Amino acid sequence: MRTNDTSLGPNGIIPLTANGRVVLSAGAYGTARLLFQSGIGPSDMLAIVQQNPTYAAWLPDASDFINLPVGMNVSDNPSINVRYIFVVSN
């Protein structure tokens, strides 16, 4: 497993055993991004990540991409309603 936290291992690489598992979580907004940058998600989104030189360097080979509908049919639901009241006085 590779991380950007170099305190966890040399160059951020943490060795796993053959049966090792990794659980990833980045919250409601960050998980889809984390998956895209790991090569998991819709092919059109992975193509966007491939075009970014910062993140493309860390992607697995395209043959290892996992095409899943990550983030499909998700919409933002803000919890703040804004009302404008205009008062005109002379």
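This passage describes the fold, the nonpolar core and the largest pocket of a predicted protein model.

The secondary structure consists of three helices and zero strands, and the order of elements from the N terminus is α-α-α. The protein has 90 residues, of which 12% are classed as buried. Its exposed surface amounts to about 7800 Å², with 55% of this area supplied by carbon and sulfur atoms. When contacts between residues at least 6 apart in sequence are considered, 31% of them join residues at least 24 apart.

Six residues make up the largest nonpolar core, namely Phe36, Ile40, Leu46, Val49, Leu59 and Val70. Among these core members is Leu59, for which contacts were also computed with residues lying beyond four places in the sequence. On that basis, Leu59 touches two other core residues, Phe36 and Val49. Contacts of Leu59 also include Gln37, Ser38 and Gly39, together with Gln50 and Phe65.

The analysis next turned to open space at the protein surface. A probe the size of a water molecule, rolled over the atoms, shows where empty space is left. The largest pocket has a volume of about 710 Å³. It is lined by 15 residues, and those closest to its centre are Arg2, Thr3, Gln37, Ser38 and Trp58. Classified by type, the lining of this pocket contains seven nonpolar, seven polar and one charged residues. Two of the residues closest to the pocket centre, Gln37 and Ser38, are also among the contacts of Leu59, a residue of the largest nonpolar core.

Methods: Residues numbered from 1 in each chain as written. Predicted model: local features only at pLDDT ≥ 70, side-chain atom pairs only at ≥ 80, totals over all residues. Heavy atoms only, no water. Core = buried A, V, L, I, M, F, W, Y, C linked by side-chain atoms within 4.5 Å. Buried < 20%, exposed > 50% of the residue type's maximum accessible area, 1.4 Å probe, protein only. Contact = heavy atoms within 4.5 Å. 1 Å grid on protein atoms, 1.4 Å probe; cavity = no way out; pocket = protein on both sides within 12 Å on 5 of 7 lines; lining within 4 Å. Points joined across faces, edges and corners; volume = space filled by probe spheres on them. Nonpolar A, V, L, I, M, F, W, Y, C, P; charged D, E, K, R; others polar. Helix = DSSP H or I, 4+ residues; strand = E, 2+ residues; numbered from the N terminus. Areas by Shrake-Rupley, 256 points an atom, 1.4 Å probe, with all protein chains shown as cover.
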